[in-house]
Amino acid sequence: MENYTKGEVKEVEDPFPFRVEDSLQMRVTAGSKIRNLMGFGLKNMTEKNTRQITWNGSGAAVSKTISCAEIMKRKIKGLHQITKIRYRRVEEYWTPKVKGLEVLKVNRDIPAISILLSKDPLDSSEPGYQPPGNFETFWQEKRGGEKAHSGEHHRPQQKSTASHEMQASKRKRRKPYKDNSSAAVQASTTKSQTTKQNTNITKETDHSEKDAESLANRQSERDYDTETKESMDISEDAQAR
């Protein structure tokens, strides 16, 4: 289909399966909100003289249509029901991008459902007929079974004394947690102080050695000067004689 583009879409007219006068037709779509649909439908069925209502939906809205009908049956007791399942035809036309190709027509059959709810009795021989209250017993039995099942699973289990004793012995064996962070910090501080002291002593030793060396050099220079002066004096005396 890469050489075609989707064009016109037509929906084949599909008459509703129920042709009942004074029947309220409710069309359900995938984007419809059940709260809005039920508010309008219940208002017409309770406050006005509406005797019958039809819920219609197709495609992704089938499950929502069934939910609306079931909610109304719970809200209003004694409703007769007839369900019809069918297909809704949609025609799609695809136009070609390349010359020489013909226009394609694609037929799509979408599943659809229609549910008729009536306060008045309906033909019981009609396929899909359900009398009022035929599922009340089923729902009651299901609820009772679920309650009993949940009660069995939520019973509190009694722990044996042996398990309590084992847990108590495990607690005793556990060693208390010791926080060694402060000791580590103190040890690192002491180490840094000792290093600083050693550095200071080394510096003082170096300074004392340098001072002693400088003093020795000065003394030697003084001795050399004295010797030189004495020798000069002796030479001068010798010349005078």
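# Salt bridges, cores and helix 1

Biologist: At 42% relative accessibility, does D109 count as buried or as partly exposed?

Modeller: The model is a predicted one. In it, the relative accessibility of D109 is 42%. Buried requires under 20% and exposed requires over 50%. D109 therefore counts as partly exposed.

Biologist: Which residue forms a salt bridge with D109, and which strand holds that residue?

Modeller: The closest N and O atoms of the D109 salt bridge are 2.4 Å apart, and the other residue is R89. The pair ties together parts that are 20 residues apart in sequence, because D109 lies in strand 5 and R89 in strand 4. R89 is partly exposed, at 32% relative accessible area. The residue and strand asked for are R89 and strand 4.

Biologist: How many salt bridges does a search of the whole structure find?

Modeller: One pair is E8 and K10, with the closest N and O atoms 3.9 Å apart. E8 is partly exposed at 47% relative accessible area, and K10 is partly exposed at 38%. For the whole structure, the search finds a total of 9.

Biologist: How many residues apart are E92 and K6, which form a salt bridge?

Modeller: The closest N and O atoms of E92 and K6 are 3.5 Å apart. In sequence the pair links distant parts of the chain, with K6 in strand 1 (residues 4-11) and E92 in strand 4 (residues 80-96). Along the chain their separation is 86 residues.

Biologist: Is E92 buried or exposed?

Modeller: K6, E92 and R108 are linked in a network of salt bridges. Within it, K6 counts as partly exposed at 48% relative accessibility. The relative accessible area of E92 is 6%. With the cut-off for buried at under 20%, E92 is therefore buried.

Biologist: What pattern of strands and helices does the protein follow along the sequence?

Modeller: The secondary structure comes to 5 helices and 6 strands. Among contacts between residues at least 6 apart in sequence, 78% join residues at least 24 apart. Read along the sequence, the pattern is β-β-α-β-α-β-β-β-α-α-α.

Biologist: What share of the 241 residues counts as buried?

Modeller: The accessible surface of the protein comes to about 19,100 Å². Carbon and sulfur atoms account for 51% of that surface. Of the 241 residues, the share that counts as buried is 21%.

Biologist: Which element gives the most residues to the largest nonpolar core?

Modeller: The largest nonpolar core has 18 residues, and I53, W55, M72 and L117 have the most contacts inside it. At least two residues each come from strand 2 (23-28), helix 1 (34-46), strand 3 (52-58), helix 2 (62-75) and strand 5 (104-118). The element that gives the most, with 4 residues, is helix 1.

Biologist: How many residues does the other core have, the one apart from the largest?

Modeller: Beyond its neighbours within four places in sequence, I53 of the largest core is in contact with S23, L24, M26, G41, M45, M72, I115, L116 and L117. Another core lies apart from that one, and F18, I82, L122 and Y129 are among its members. Its number of residues is 5.

Biologist: What arc around the axis do the buried residues of helix 1 cover?

Modeller: Helix 1 has 13 residues and reaches 18 Å from its first C-alpha to its last, close to the 18 Å expected. Its buried residues are L37, M38, G41, L42, N44 and M45. They are on the same side of helix 1, because they cover an arc of only 165 degrees.

Biologist: Which elements do the buried residues of helix 1 pack against?

Modeller: On the other side of helix 1, R35 and T46 are exposed. The buried residues pack against strand 2, strand 3 and helix 2.

Biologist: What is the relative accessible area of T65?

Modeller: T65 is found in helix 2. Not counting residues up to four places away in sequence, T65 touches V28, W55, N56, G57, I113 and I115. T65 is buried, with a relative accessible area of 0%.

Biologist: What distance separates the C-alpha atoms of P96 and Y4?

Modeller: P96, found in strand 4, counts as partly exposed at 26% relative accessibility. Its contacts beyond four places in sequence are N3, Y4, L101, E102 and V103. P96 and Y4 are 92 residues apart along the chain, yet the separation of their C-alpha atoms is 4.3 Å.

How values were computed
Residues are numbered from 1 along each chain as its sequence is written. This is a predicted model: local features need pLDDT of at least 70, side-chain atom pairs count only at pLDDT 80 or more; totals for chains, interfaces and linings use all residues. Side-chain values use heavy atoms; hydrogens and water are left out. Buried means under 20% relative accessible area, exposed over 50%, partly exposed in between (1.4 Å probe, protein chains only). Contact means heavy atoms within 4.5 Å. Accessible areas come from the Shrake-Rupley method with a 1.4 Å probe; for residues, only the protein chains shown count as cover. A nonpolar core is a set of buried Ala, Val, Leu, Ile, Met, Phe, Trp, Tyr and Cys residues joined through side-chain atoms within 4.5 Å. The expected span of a helix is 1.5 Å times one less than its number of residues. The arc is that of the directions from the helix axis to the C-beta atoms. A salt bridge is a side-chain nitrogen of Lys or Arg within 4 Å of a carboxyl oxygen of Asp or Glu.
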